[in-house]
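Got the model open in your viewer? Let's take a walk through its charged side chains, one selection at a time.

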Amino acid sequence: MRPAWLEEWLIRNTPPCREVVRIVSDEMDRPISLRRRIGARFHFLICSWCLRYHKQIGLIRTFLRTPDPDSTAGESSEPPGERLSDEARERLKRLTRQNPS
């Protein structure tokens, strides 16, 4: 449990959720400044929603970067059940191409 003064300090001195979403998105495309990265990490200490968003974006990125099963001759380093179906992977690829924001 964090002391109340620390929670208050973090709330006052970390970026708001809207800015953290921008930081997380920017971080996927290009390097971000140390100050912005640290601000987001401190924000994650007080906001489980932004932390969850950061983890979900990371998972989506990982899944989209995994090679096609055909090219690896059926060998997958991912445990069963933690892999997207080919159909789901293709849907995500189509969506990201349509909305590159």
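Select E27 and R41 to start: in this predicted model, these two form a salt bridge, with the closest N and O atoms 3.2 Å apart. The pair ties together distant parts of the chain, since E27 belongs to helix α2 while R41 is in helix α3, 14 residues apart. Switch on the surface and you'll find R41 partly exposed, at 35% relative accessible area.

Stay with those two helices and pick E19 and R36. Their side chains meet in another salt bridge, 3.3 Å from N to O. Again, distant parts of the chain are linked: E19 is in helix α2 (residues 17-29) and R36 in helix α3 (residues 34-46), 17 residues apart. Both ends are partly exposed, E19 at 23% relative accessibility and R36 at 27%.

Now add R22, D26 and R30 to that selection. Together with E19 and R36, they are linked in a network of salt bridges.

Next, jump to helix α5 (residues 86-98) and show K93 and E90. Here the side chains form a salt bridge at 3.9 Å, N to O. How far apart are K93 and E90 in the helix? They are 3 residues apart, so about one helical turn separates them. Is K93 buried or exposed? K93 has a relative accessible area of 17%, under the 20% cut-off, so K93 counts as buried. Its partner E90, at 35%, is partly exposed.

Want to keep hunting? The count for the model comes to 6 salt bridges.

Definitions and conventions:
Residues numbered from 1 in each chain as written. Predicted model: local features only at pLDDT ≥ 70, side-chain atom pairs only at ≥ 80, totals over all residues. Heavy atoms only, no water. Salt bridge = Lys/Arg side-chain N within 4 Å of Asp/Glu carboxyl O. Helix = DSSP H or I, 4+ residues; strand = E, 2+ residues; numbered from the N terminus. Buried < 20%, exposed > 50% of the residue type's maximum accessible area, 1.4 Å probe, protein only.
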